[in-house]
Amino acid sequence: MFDDVAEKYDLTNDVLSLGQARLWRKEVAKAVDARPAQKILDLAAGTATSSQPFAQAGAYVVPCDFSLGMLRVGKQRHPWMPFTAGDGTKLPFKNDTFDAVTISFGLRNIQDTDQALRELYRVTKPGGRVVICEFSHPTLAPLRTVYTEYLMRALPPVARAVSSNPDAYVYLAESIRAWPTQPELAARLQGAGWSKVAWRNLTGGIVALHRGIK
């Protein structure tokens, strides 16, 4: 599915999020706080747009994705980056490899969420950190109502106008509605071994930024 939307993926995300996607990426970069010589895993990196701030900070960042189509487009745009094909439930990395691991808007698309959280834990160095940015549940009832209406009614026609595979975005809308709440995802992080788990809502809870330490 994601192979089919790779070429216009970043543009589509900017349009569908009403420009908020760029702000969310900035918040992820702040939370990851990449430093020179650190090793960062950016899982579900797609075309590596999300990976760029880490590379610019001087870190060694590995963009990893299950979609070969995404990786091909990313490699064309950023040929110097070590793009790696990988399944989030069985990552192709050794234990205790990365100083930080992060995934933005991709955890929801991995079939076994708990196994993915355990794998991220496995490949992180002791004392390392995880940052997860994912669509979540608005905290205010009026915003929740408007947001749900947008997802199920406005998003599909907008996707048809800007995406090469609008059906993929209908699936995304449905998966967002079915996603765990902020406290539920925090509990699952703790269940996978992460400590000092916390989260912060962005855009009224439309997106949540979860963090943890190994």
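This is a guided tour of a predicted model, moving from the whole chain to its cores, an aromatic cluster and a few buried polar sites.

**The whole chain**

Begin with the entire protein chain on display, coloured by pLDDT if your viewer allows it; the mean pLDDT is 85, and 75% of the residues reach 70 or more. Then select residues 1-18, where the pLDDT is below 50, although this stretch has 51 contacts in the model beyond near neighbours in sequence. Where pLDDT is low, the predicted coordinates should not be read in detail.

Switching to a cartoon view, you will find eight helices and seven strands in the protein chain. Buried residues make up 51% of its 214 residues, and of the contacts between residues at least 6 apart in sequence, 66% join residues at least 24 apart.

**The largest nonpolar core**

Next, select Leu-41, Phe-93, Val-101, Leu-107, Leu-120 and Trp-194, which touch the most other members of the largest nonpolar core, a set of 24 residues. To see where this core draws its residues from, colour β1 (39-43), β2 (60-65), β4 (98-104), α5 (113-122), β5 (124-135) and α8 (182-191), since each of these elements gives two or more residues to it.

Centre the view on Leu-107 and show its surroundings: with neighbours within four places in sequence set aside, Leu-107 is in contact with Thr-113, Ala-116, Leu-117, Ile-132, Glu-134, Trp-179 and Leu-185. Apart from the largest core lies another core, of 23 residues, and its members include Phe-83, Phe-105, Phe-135 and Ile-176.

**The aromatic cluster**

Keep Phe-105 and Phe-135 on screen and add Trp-24, for these three residues form one aromatic cluster. The model as a whole has five aromatic pairs. In one of them, the ring centres of Trp-24 and Phe-135 are 5.8 Å apart and the planes stand at 90 degrees, so this pair is edge-to-face. Trp-24 belongs to helix α2 (residues 20-32) and Phe-135 to strand β5, so that the pair links distant parts of the chain, 111 residues apart.

Now turn to the rings of Phe-105 and Phe-135, whose centres are 4.7 Å apart with planes at 45 degrees, and the pair is therefore tilted. Because Phe-105 lies in the loop between β4 and α5 while Phe-135 is in strand β5, this pair ties together parts 30 residues apart in sequence. Trp-24 is buried; Phe-105 is buried as well, with a relative accessible area of 16%, and Phe-135 is buried at 18%.

**Two cysteines**

Select Cys-64, which is buried at 0% relative accessibility, and then Cys-133, which is buried at 1%. The count of disulfides in the model is zero.

**Ser-50 and its neighbours**

Move to Ser-50, in the loop between β1 and α3 (52-56). Ser-50 has 16% relative accessibility and counts as buried, because the limit for that class is under 20%. Show the side chains of Ser-50 and Asp-42, which are joined by a polar contact of 2.6 Å. Beyond its neighbours within four places in sequence, Ser-50 is in contact with Arg-25, Asp-42 and Ala-45.

**Gly-86**

Go on to Gly-86, which is placed in the loop between β3 (84-85) and β4 and is buried, with a relative accessible area of 8%. If you draw a distance between its C-alpha atom and that of Asp-65, you should read 5.5 Å, although these two residues are 21 residues apart along the chain. Leaving aside neighbours within four places in sequence, Gly-86 is in contact with Cys-64, Asp-65, Phe-66 and Pro-92, so a view centred here also brings back Cys-64, buried at 0% relative accessibility.

**Ser-136**

For the last stop, select Ser-136 in the loop between β5 and α6 (141-162). Ser-136 is buried, with a relative accessible area of 3%, and its side chain makes a polar contact of 3.1 Å with the side chain of Gln-182.

Notes. Residues are numbered from 1 along each chain as its sequence is written. This is a predicted model: local features need pLDDT of at least 70, side-chain atom pairs count only at pLDDT 80 or more; totals for chains, interfaces and linings use all residues. Side-chain values use heavy atoms; hydrogens and water are left out. pLDDT is the predictor's confidence in each residue, from 0 to 100. Contact means heavy atoms within 4.5 Å. A nonpolar core is a set of buried Ala, Val, Leu, Ile, Met, Phe, Trp, Tyr and Cys residues joined through side-chain atoms within 4.5 Å. Buried means under 20% relative accessible area, exposed over 50%, partly exposed in between (1.4 Å probe, protein chains only). Helices (H or I, at least four residues) and strands (E, at least two) are DSSP runs, numbered from the N terminus. A disulfide is a pair of cysteine sulfur atoms within 2.5 Å. A polar contact is a pair of N or O atoms within 3.5 Å; within protein, one must be able to donate a hydrogen and the other to accept it, and residues adjacent in sequence count only if both atoms are side-chain atoms. Rings of Phe, Tyr and Trp (its six-membered ring) pair if their centres lie within 6.5 Å; planes under 30 degrees apart count as stacked, over 60 as edge-to-face and the rest as tilted.
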